[in-house]
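Got the viewer open and a selection box ready? Let's take a walk through this one, stop by stop.

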Amino acid sequence: MKNILEETIQTYGIENWGAGFFDVNKKGHLIVRPSEEDVSSVDVVEVVEDLLKRGVKLPVILRFPQLLAHQVRKLTSSFQSSIKEFDYKGNHLCVFPMKVNPRRDVLEEVLREGRRYNFGVEVGSKPELYGALALDQAPESLVVCNGFKDESYIRLALMGLRAGKKLILVIEKVEELHIILRQAKETGIRPNIGIRARLYSRGSGKWEKSGGDTAKFGLTTSEMLEVVRILRENNMIDCLKMLHFHIGSQITDIKRVKNAIKEAARVYCKIREMRIDIEYLNVGGGMGVDYDGSKTSFDSSANYTMQEFANDVIYTIKLVCDEEDAPEPTIITESGRIVAAFHAVIITNIQDEIETVLDDISKVTTKDDDPQVVIELKDLMENVSSKTHREYYHDALEHKEELFTLFNLGLISLEDRAKGEALFWEVCERANRFAQQSKIISEEFEDLKKILSAKYLCNFSVFRCLPDSWAIEQLFPIMPIHKLNSAPSEHATLVDLTCDSDGIIDKFVDLKDIKETLELHHFSPGDPYYLAFFMTGAYQEVMGNFHNLFGTLNEAHVIINREGYLIKKIITGSNLGDVLALARYDKNFLFENFQKHAQEQVKYGRLTEAEAAELCLEYEKNISNYTYLG
Ligand SMILES: *Cc1c(COP(=O)(O)O)cnc(C)c1O
């Protein structure tokens, strides 16, 4: 017999997706470990209570730098062990793609931990490059410059080169080469150049279109040859250092990786054959995160481990190089998602339950002179049984239609309508209970279960915290951080604070399927109930938007140690003033205009001077409030 704790752990699947970082302790609280091998752990409930005591409001991002550091080590050591195993002659270097999470704290931690492995940075835009040029990194580590470029991007890159960065400009379009040549002449700086190849091979999953011959990025075969010709003409062929490709993020199927690498390695060898000493083969990012823990090629999963990915890259490149008798290149990887996803966990609270159906039918009293439709619904409610549940449910649906028709014709009162609705939902509840007990649950009762599920109002914005849940239906593990030694009794969906019907989470991770409701505990106001959203460290923070002007979250950096934990840093999220400034309401405008309105009331004698002054003072104080509830 399993105990309740074991059963709840299984309900949420934490063992499948937790990657050794996340677990539950005997108290039924979520814990986080710095790595799967580490014995120290932190009780997340303790951290949250500590933060609340310090006045840090929810929602909050808990950032665990040790999880980032662990992924950096795991990534580099996976490649080092493949290099050993296959006796690969070249080296391997990582660059962290800044677009995955450009927060300075994230970059600094990755570069600090990655210093001894010469971990570098990948940028895809001018602002990213500008930021990267200020970061401290190991002298031998790279700055790989991707993305579409203009004069000023390229000039900035050459400045970085002169300032000592090992920087490579990857050409995405032939036109960029002409700009590079012009700028190189003007500044007298010899650039390092890479070319991004447009492979025939594609990735898999949501980002499949990033690869293939209709991709947005990369040079066609004839364009690559043109670049070579132009570089030769300009006596700059020695500047060509890197061949790059990236077939898309979250590649779910390892076969796709192998095919792309095979093709790219062949291209590398053919370029080598042209007596070009290209040094680096950059295989891009794309290593998938197993969000649902199913280890499959499903969109929110990946059917391989980091070690398998590394093995396939190293083995395949070696194989092709051996066949073509080409020297084995230094391999660059640009994995971002797998490095950053785990380290950030968002914690928030359930604010309330949204009632859509009357939950206490005893409040409904019927009389003999009630309309026939109400009496019939009551009869259905009283007599629905295991045998009749389907039939009675269908009858109830018909009666509900009738109820609204009568109401719209003005034949029944609001009270009658209210009674009828309450009875209808009670028939549904009862029929659903019988339906869920049967062996095979038909689609209509699956739908009904979802309709009847609780809606928990959660103190967050989907658009700010989990944009990919809204934009591309990506799944993220979500679970309560406490009460885990009691069995959850409700099936709920989560609605956010925004005035947007898309501001809802109604797809949840499951080992075999996608769950449409999440098992949660009964919510009672006054009894705090905290939820965690996991694996939000990649892409979510930077892609999150300001819908309804909900701002960035409070943030705490937590170090896990033998004694428990240390809160190393607290960063305050946006306040009302910050988000309004983004929409060009500066402080002066806000204060002065509010004052103007108050003064008008004084003029009309509706407020005294003193009252107006007090009102303005309070308005001004509100500017530093957090944008979320509570
Ligand atoms: C986005 C991107 C990456 C990172 O991909 P992940 O899936 O996060 O590893 C790497 N390289 C390039 C060129 C990218 O555009």
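Start by colouring three ranges: the protein is divided into domain 1 (4–49), domain 2 (90–335) and domain 3 (576–622). Keep in mind throughout that this is a predicted model. With the three ranges coloured, put a marker at the centre of domain 1 and another at the centre of domain 3; taken over C-alpha atoms, these centres are 48 Å apart.

Now zoom out and switch to cartoon. You should be looking at 22 helices and 23 strands. The C-alpha trace spans about 100 × 75 × 55 Å along its principal axes. Of the 630 residues in the protein, 53% are buried.

**Stop one: the ligand**

Select the ligand and show what surrounds it. Which residues come nearest? Of the 17 residues around the ligand, those are Lys 99, Ser 249, Glu 334, Gly 336 and Tyr 539. If you colour this shell by class, you get three nonpolar, nine polar and five charged residues.

Next, turn on distances and go through some polar atoms:

- Lys 99: an N or O atom in its side chain sits 2.6 Å from an oxygen atom of the ligand.
- Gly 286: here a polar backbone atom is 3.0 Å from an oxygen atom of the ligand.
- Glu 334: a polar side-chain atom is 2.5 Å from a nitrogen atom of the ligand.

How much of the ligand's surface does the protein bury? On its own the ligand exposes 380 Å², and the protein buries 93% of that.

**Stop two: the nonpolar core**

Hide the ligand and go to the largest nonpolar core, which has 160 residues. For a way in, select Phe 22, Leu 62, Leu 243, Ile 317, Ile 347 and Leu 494, the residues with the most contacts inside this core. Then highlight helix 10 (residues 254–273), which gives the most to the core, with ten residues. Bring back the domain colours as well: domain 1 (4–49) and domain 2 (90–335) both give residues to this core, so it lies between them. As background, nonpolar side chains tend to be buried together in soluble globular proteins.

**Stop three: around helix 4 and the loops before it**

Select His 70, in helix 4 (residues 65–85). His 70 has a relative accessible area of 6%, so it falls among the buried residues. Show side chains here and you'll find His 70 joined to Glu 36 by a polar contact of 2.9 Å.

Step along to Glu 37, in the loop between strand 2 (30–32) and strand 3 (42–43). Is Glu 37 buried or exposed? With 59% relative accessibility, Glu 37 counts as exposed. Try a distance from there to Ser 125: the two are 88 residues apart in sequence, and their C-alpha atoms are 38 Å apart in space.

While you're in this part of the chain, check the peptide between Leu 58 and Pro 59. That bond is cis, with omega about 0°. Pro 59 belongs to the loop between helix 3 (44–53) and strand 4 (60–63).

**Stop four: two positive phi angles**

Select Asn 235 and look at its backbone. Phi is positive, about 55°, although Asn 235 is not a glycine. You'll find Asn 235 in the loop between helix 9 (221–233) and strand 10 (240–244), and at 64% relative accessibility this residue counts as exposed.

Then jump to Met 535. Here phi is about 60°, again positive although Met 535 is not a glycine. Met 535 is in the loop between strand 21 (530–533) and helix 19 (540–543). Where Asn 235 counts as exposed, Met 535 counts as buried, at 0% relative accessibility.

**Last stop: two buried residues and their long-range pairs**

Pick Ile 505, in strand 17 (residues 504–505). Ile 505 is buried, at 2% relative accessibility. Draw a C-alpha distance to Ala 341: the pair is 164 residues apart along the chain and separated by 19 Å.

Finish at Ala 310, in helix 11 (residues 306–324). Ala 310 counts as buried too, at 0% relative accessibility. How far is Ala 310 from Tyr 626, C-alpha to C-alpha? Your viewer should show 44 Å in space, for a pair 316 residues apart in sequence.

Definitions and conventions: Residues numbered from 1 in each chain as written. Predicted model: local features only at pLDDT ≥ 70, side-chain atom pairs only at ≥ 80, totals over all residues. Heavy atoms only, no water. Near = heavy atom within 4 Å. Polar contact = N/O pair within 3.5 Å; in protein donor to acceptor, adjacent residues only side chain to side chain. Areas by Shrake-Rupley, 256 points an atom, 1.4 Å probe, with all protein chains shown as cover. Nonpolar A, V, L, I, M, F, W, Y, C, P; charged D, E, K, R; others polar. Core = buried A, V, L, I, M, F, W, Y, C linked by side-chain atoms within 4.5 Å. Buried < 20%, exposed > 50% of the residue type's maximum accessible area, 1.4 Å probe, protein only. Helix = DSSP H or I, 4+ residues; strand = E, 2+ residues; numbered from the N terminus. Domains from an automatic or database assignment.
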